[in-house]
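Me: I would like to learn how to read a ligand site in a model, going step by step from the pocket to the parts of the protein around it. Could we work through one together?

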Amino acid sequence: MAESIQTLSTKHLLGIKDLSVRDIELILETADTFKDVLNRPIKKVPSLRDITIANIFFENSTRTRLSFELAQKRLSADTVNFAASSSSVSKGETLIDTVNNILSMKVDMVVMRHPYPGAGVFLSKHVNAQIVNAGDGAHEHPTQALLDAFSIKEKYGEVRGRKIAIIGDILHSRVALSNILCLQKLGAEVMVCGPSTLIPKYIGTLGVKVEHNLLKALNWCDVANMLRIQLERQDIKYFPSLREYSMMYGLNKQILDSLDKEITIMHPGPINRGVEITSDVADSKQSIILDQVENGVAVRMAVLYLLANQRSL
Ligand code: CP
């Protein structure tokens, strides 16, 4: 009997909200296999040697851009990289024209980061290519949520039943929304914690707990995912000063050591050391921040591989 090809239920990866529980489980299982590949002396498989992928970034990125590029190289895909700042976008070219020009050079898949929420959805309706959302404004960052779920599963065996506190600037965070959706689909309990000005009013409708006291959130959770204050997305002041924010919501070793249990510390990066988290916490044994980055390559390999499988159906 011929082996059936496992695929996702969606053609694109635009957000966690479009993925079924089975899609997420399939991505995490496939990432497990690719993590084994990445630990071999030859960290490469020929799976995507017939695929060309364009990475188009309209916003700065270190982890996501390099992680996608490495994932593509490990899968033997051909890749081209596009940074908006050095492109003809600065001469007034539209997003659709830009992408259609890239696609006319026989590109199959587009990985895009964009400052505007919904940019990936918009693009998917106007161009003939598979789109992967690498972060759209303060909306979604699906591969970050998937790699975070993978890292929690790796640490605890399963995500179901775990208590995850997402702490910091929830209002401007795409990581928060994607994490909430992904972790809930996998059966975790989720809490958000921060000053009320940085927690969106609608958050209760997502079924998360809301806490404004850092110590209470830390005492409740198994995992604390510390988020950066996104000053670049803030047009008004949401708290008096970074110093005061840090006094109320910054995680330091003294607070961590005062808890009556050992919790796991996560952060999607980039870290602002001394604001939301001190160096001794970020670099502590309880931190899995660099494991998250490592796992990102395997998870993105899984996403690209599974999306590419749909082309052969
Ligand atoms: N976590 C994350 O998206 O980091 P970058 O902005 O560096 O890609």
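**Reading the ligand site**

Reply: Let us begin with the pocket: the space taken by the ligand is the largest pocket, and please keep in mind that this is a predicted model.

Me: Which residues surround the ligand, and how do they divide into nonpolar, polar and charged?

Reply: A shell is read from the residues near the molecule, counted within 4 Å. Here the ligand is surrounded by Ser61, Thr62, Arg63, Thr64, Arg113, His141, Gln144, Pro268 and Gly269, and this shell comprises 1 nonpolar, 6 polar and 2 charged residues.

Me: Which atoms of the ligand are paired with polar atoms of His141, Gln144 and Pro268?

Reply: For a polar contact one looks for N or O atoms within 3.5 Å of each other. An oxygen atom of the ligand lies 2.9 Å from a side-chain N or O atom of His141, while a nitrogen atom of the ligand is 3.1 Å from a polar side-chain atom of Gln144. With Pro268 it is the backbone that takes part, one of its polar atoms being 2.8 Å from a nitrogen atom of the ligand. Of the 250 Å² of accessible area that the ligand has on its own, the protein covers 92%.

Me: Where does the ligand lie with respect to domain 1 and domain 2?

Reply: The domain assignment gives domain 1 (16-140 + 295-311) and domain 2 (142-292). Both domains contribute residues to the shell, and therefore the ligand lies between them.

Me: How many residues of domain 1 and domain 2 are in contact, and what distance separates their centres?

Reply: In domain 1, 29 residues are in contact with 27 residues of domain 2, and the centres of the two domains, taken over C-alpha atoms, are 25 Å apart.

Note on methods: Residues numbered from 1 in each chain as written. Predicted model: local features only at pLDDT ≥ 70, side-chain atom pairs only at ≥ 80, totals over all residues. Heavy atoms only, no water. Polar contact = N/O pair within 3.5 Å; in protein donor to acceptor, adjacent residues only side chain to side chain. Areas by Shrake-Rupley, 256 points an atom, 1.4 Å probe, with all protein chains shown as cover. 1 Å grid on protein atoms, 1.4 Å probe; cavity = no way out; pocket = protein on both sides within 12 Å on 5 of 7 lines; lining within 4 Å. Sits in = over half its atoms within 2 Å of the grid points. Nonpolar A, V, L, I, M, F, W, Y, C, P; charged D, E, K, R; others polar. Domains from an automatic or database assignment. Contact = heavy atoms within 4.5 Å.
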